[in-house]
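Work through the two exercises below, one on enclosed space and one on charged contacts. Each task is followed by its solution.

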Amino acid sequence: MFAYVVRRVLATIPVMAVVALFVFSLLYIAPGDPAAVIAGDQATPEDVERIRASLGLDRPYLVRFGAWVFDILRGDLGVSIFTNLPVSLMIKQRLEPTLSLMVVTLILAVSIAVPMGVVAAARVGTFVDKMVMGFAVLGFSVPVFVVGYLLAYVFALELEWLPVQGYTPFSEGFVPWIENLILPAIALGSVYIALIARITRASMLEVLQQDYIRTARAKGAGLRSILFLHALKNAAVPIVTVIGIGIALLIGGAVVTESVFAIPGLGRLTVDAILRRDYPVIQGVVLLFSFTYVLVNLLIDILYTLFDPRIRY
């Protein structure tokens, strides 16, 4: 198992290097002169040159890339063009809302989707199974922002059960914190729940046809014991895989969800930076999201060793 973990860790190094190169190149993929675009139409040539110097555009490409990587390794993501604040500080200020939203969404999605998939597999072909699959299709079909606006209109504006927008830090109390996250988490988790439920159902159906399941039934094991003690553990590999892959859905959906519910997180920071063409902030946030996705998938690969004995050595 140790050798497998070492191989997976080493395999992430070139992936992260390619990600870093791509993120760094965002500044140069944009059409036109980035400094002139940032400066605006009313800027003087001196202003453009000053911005070019601040972005390092007056130096060779490889020199800039090497210096940028060195700064990242020291924790320096650069300085925002418009606020003159360190990008790392801006990310730190916006990290809690996004992290809270993603954690609540993940817990909500897994706790709902896995039992749904298990029940659908146990009642395959019945009305319950069709209801679960219908919900999964609906979850895939309706965009996140549509779900968000519907939830906000019904539960916040009409019924006034929950806040319509904003975020309350956890330090100010659990109840106001979770109240501001319920609707965004449901909206963001709709696609995630549908994905996990479908994969759980398919994996469980395959496992329930195995001989050891029939043996457990013949020995008089109850349905709940068969489903959750015998079948679910052996069906966990694809479920864990799709949970890890679904982190990308959470990262991408957080941008939209935070805009809909006015949550001051990294998603809103990304949108604001794109609208203002604040390239250092864009690079910093995209780099953080990309590295997070790579590290989560590395963790999923390591977790395989707990469920699949074929890859422990």
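**Exercise 1.** State which residues line the largest cavity and how the lining divides by class.

Step 1. The lining of the largest cavity consists of Pro163, Val164, Gln165, Gly166, Glu179, Asn180, Leu183, Pro184 and Phe261. A cavity is a set of points on a 1 Å grid over the protein atoms alone where a 1.4 Å probe fits but cannot get out, and lining residues have an atom within 4 Å of a point.

Step 2. Five of these residues are nonpolar, three polar and one charged. Here Ala, Val, Leu, Ile, Met, Phe, Trp, Tyr, Cys and Pro count as nonpolar, Asp, Glu, Lys and Arg as charged, and the others, Gly among them, as polar.

Step 3. The largest cavity holds about 40 Å³ of space, a volume being the space filled by probe spheres set on the points.

The model is predicted: local features need pLDDT of at least 70, side-chain atom pairs pLDDT 80 or more, while totals for chains, interfaces and linings use all residues. Residues are numbered from 1 along each chain, and side-chain values use heavy atoms, without hydrogens and water.

**Exercise 2.** Find the salt bridges (a side-chain nitrogen of Lys or Arg within 4 Å of a carboxyl oxygen of Asp or Glu) and state whether the partners are buried or exposed.

Step 1. The whole structure has two salt bridges.

Step 2. Arginine 74 pairs with aspartate 71 at 2.6 Å, N to O. Arginine 74 is exposed at 52% relative accessible area (over 50%), and aspartate 71 is partly exposed at 24% (between 20% and 50%).

Step 3. Arginine 201 bridges to aspartate 129, with the closest N and O atoms 2.6 Å apart. Arginine 201 is buried at 18% (under 20%; 1.4 Å probe, protein chains only), and aspartate 129 is buried at 5%.

Terms used:
On a 1 Å grid over the protein atoms alone, a cavity is a set of points where a 1.4 Å probe fits but cannot get out, and a pocket is an open set with protein on both sides within 12 Å along at least five of seven lines; lining residues have an atom within 4 Å of a point.
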